[in-house]
Amino acid sequence: MKKTPAVLHLVLKQPWFDQIRTGAKDIEYRTATPYWKARLEGRSFTHACFSHGYTRHGRVVRRITKIDRGPCPYPGWPGECYRIHLEPMKEGMRE
C-alpha cells in the first residue's frame, strides 16, 4: 500500500510566494507561537503546499527536508521561529 504524503498547507503573500515558486527561497519561517507549535511539533510532513493568498490560483508544492526551530533572520521577529526547510529546486525547474 502506498503511503499518502502528509502535506502542510501554508498561505503566503505575493512576494514570498514568488520566491518559493521560483526557488529563490528554500526556507519558510513561522513565529514560535502556541498555534504553530500545535501544528508542527510531533507531526511528520513530507510536502508543503503554498498558496498565494486565500485563492485557488497560484499553488506550489515543494518537498520538505526538515522542520526545526531557531533564530529568525527577519528584523522585527524577535526570539525563535519554526524553520521549514524545502528541498532545493533543480536548475531546470527554476523559472
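Here's a quick briefing on the strands, the salt bridges and the largest pocket of this structure. Keep in mind that the model is predicted. Strand β3 (residues 47-52) is largely enclosed by the rest of the structure, since five of its six residues are buried. The salt-bridge count comes to eight, and the largest pocket holds about 300 Å³ of space.

**Strands around β3**

- On one side of the pairing list, β3 goes with β1: the two run parallel and are joined by six bridges.
- For a concrete contact in that pair, look at Leu-10, whose bridge partner in β3 is Phe-50.
- β3 also pairs with strand β4 (residues 59-71), this time antiparallel, through five bridges.
- Here His-47 has Arg-63 of β4 as its bridge partner.
- The hairpin of β3 and β4 has six residues between the strands, and Gly-53 takes a positive phi near 65° there.

**Salt bridges that reach along the chain**

- Arg-62 and Asp-26 meet through their side chains at 2.6 Å, N to O. This pair links distant parts of the chain, with Arg-62 in strand β4 and Asp-26 in the loop between α1 (14-22) and β2, 36 residues apart.
- The two partners sit in different burial classes: Arg-62 has 5% relative accessibility, so it falls under the 20% cut-off and counts as buried. Asp-26, at 21%, is partly exposed.
- Glu-41 and Arg-69 form another salt bridge, with their closest N and O atoms 3.6 Å apart. Glu-41 is in the loop between α2 and β3 and Arg-69 is in strand β4, 28 residues apart.
- Glu-41 counts as partly exposed at 36% relative accessibility, and Arg-69 counts as partly exposed at 39%.
- Asp-68 and Arg-83 make a salt bridge at 2.9 Å, N to O. That one ties strand β4, home of Asp-68, to strand β5 (residues 80-86), home of Arg-83, across 15 residues.
- There's a network too: salt bridges link Lys-25, Glu-28 and Arg-30.

**The largest pocket**

- With about 300 Å³ of space, the largest pocket is lined by 15 residues, and the closest to its centre are Val-11, Leu-12, Lys-13, Glu-28 and Arg-30.
- Three elements give two or more residues to the lining: β1 (7-12), β2 (27-31) and α2 (34-40).
- β1 gives the most, with four residues.
- By class, the lining has nine nonpolar, five charged and one polar residue.
- Glu-28 and Arg-30, among the residues closest to the pocket centre, also belong to the salt-bridge network with Lys-25.

Key. Residues numbered from 1 in each chain as written. Predicted model: local features only at pLDDT ≥ 70, side-chain atom pairs only at ≥ 80, totals over all residues. Heavy atoms only, no water. 1 Å grid on protein atoms, 1.4 Å probe; cavity = no way out; pocket = protein on both sides within 12 Å on 5 of 7 lines; lining within 4 Å. Points joined across faces, edges and corners; volume = space filled by probe spheres on them. Nonpolar A, V, L, I, M, F, W, Y, C, P; charged D, E, K, R; others polar. Buried < 20%, exposed > 50% of the residue type's maximum accessible area, 1.4 Å probe, protein only. Pairing = 2+ DSSP bridges. Salt bridge = Lys/Arg side-chain N within 4 Å of Asp/Glu carboxyl O.
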